[in-house]
Amino acid sequence: MNELDLEKLKYPIGKFTAPEQYSTEYLSEKIKEIETLPEKLAKETIHLTDEQLDTPYRPGGWTVRQVIHHCAESHMNCYVRLKWALTENNPVIKPYDEVLWSELSDNLTMPIQPTLDLLKGLHFRLGYIMRSLPTSDLEKTFVHPADNSEIKLKRMIGMYAWHGNHHLAHITALKNYKNWKS
């Protein structure tokens, strides 16, 4: 496999690109994508066998099972970061090592249904609070200590919508490649 093919498998929808302007329409669309992600993930994975769930989406990549669990873990962090930014002045968030988390036994062996259920409630809450944000709150920030970057909440909405779609595309691309039925 050449480098270009591997890059396409890593980023099937491309890397996140922030818009020049965060319009109301853009944010509404991204919040809708966040709200509907759990339903889309469930539709694509609920009928997969354990063997299929334990198939990596690319050489050296996570399995479908790990991707599902990772989405919940990442988006739980999103929720906490959102709450911190709304209640503290430019807080420094606590990062986590997603690779190490993905290698824990729950991510490797646990059924996906409890995680799909968690995602459903979590994404309802994310959508609910994101839709209620006044424009001034969209400008609130948190600091990611990995590079000391300040992330505005409006950017975070776009990033997490992309993140969900990114991992959904990992699953759908693998299913298409393997010719698995939904």
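**Exercise 1. Find the helix that holds Q52, then decide whether Q52 is buried or exposed.**

Solution. Start with the helix list: Q52 sits in α3, residues 50-53. Helices here are DSSP runs of H or I with at least four residues, strands are runs of E with at least two, and both are numbered from the N terminus. Residue numbers count from 1 along each chain as its sequence is written. Keep in mind that this is a predicted model, where local features need pLDDT of at least 70, side-chain atom pairs count only at pLDDT 80 or more, and totals for chains, interfaces and linings use all residues, while side-chain values use heavy atoms, with hydrogens and water left out.

Next, check accessibility. Q52 has a relative accessible area of 16%, so it is buried; the cut-offs are under 20% for buried, over 50% for exposed and partly exposed in between, using a 1.4 Å probe and protein chains only.

Last, look for partners. Skipping neighbours within four places in sequence, Q52 is in contact (heavy atoms within 4.5 Å) with H47, V64 and W180.

**Exercise 2. Work out how many disulfides the structure has, and why C78 forms no bond with C71.**

Solution. Apply the test first: a disulfide is a pair of cysteine sulfur atoms within 2.5 Å. Searching the whole structure turns up zero. C71 is in no disulfide, and its nearest cysteine sulfur, in C78, is 12 Å away. Now go from the other side: the closest cysteine sulfur to that of C78 is in C71, and 12 Å is too far for a bond. As for accessibility, C71 is buried at 0%, and C78 is buried with 0% too.

**Exercise 3. Describe the largest pocket: what is its volume, and which element gives the largest share of its lining?**

Solution. Set up the search on a 1 Å grid over the protein atoms alone: a pocket is an open set of points with protein on both sides within 12 Å along at least five of seven lines, whereas a cavity is a set where a 1.4 Å probe fits but cannot get out. Lining residues have an atom within 4 Å of a point. Points are joined across faces, edges and corners, and the volume is the space filled by probe spheres set on them.

The largest pocket comes out at about 800 Å³. It has 30 lining residues, and those closest to its centre are H70, S74, E98, W162 and H163. Then sort by element: α4 (64-87), α5 (98-102), β1 (141-144), β2 (149-152) and α9 (153-178) each give at least two, with α9 taking the largest share at eight residues.

Finally, sort by class. Ala, Val, Leu, Ile, Met, Phe, Trp, Tyr, Cys and Pro are nonpolar, Asp, Glu, Lys and Arg charged, and the others, Gly among them, polar. The lining splits into 13 nonpolar, 10 polar and seven charged residues.

**Exercise 4. Do the same for the second largest pocket: what is its volume, and which element gives the largest share of its lining?**

Solution. The volume is about 240 Å³. Of its 14 lining residues, S23, T24, L27, L133 and L138 are the closest to the centre. At least two residues each come from α2 (24-45), α7 (113-131), α8 (135-138) and α9, and the largest share, four residues, belongs to α2. By class, the lining has seven nonpolar, four polar and three charged residues.
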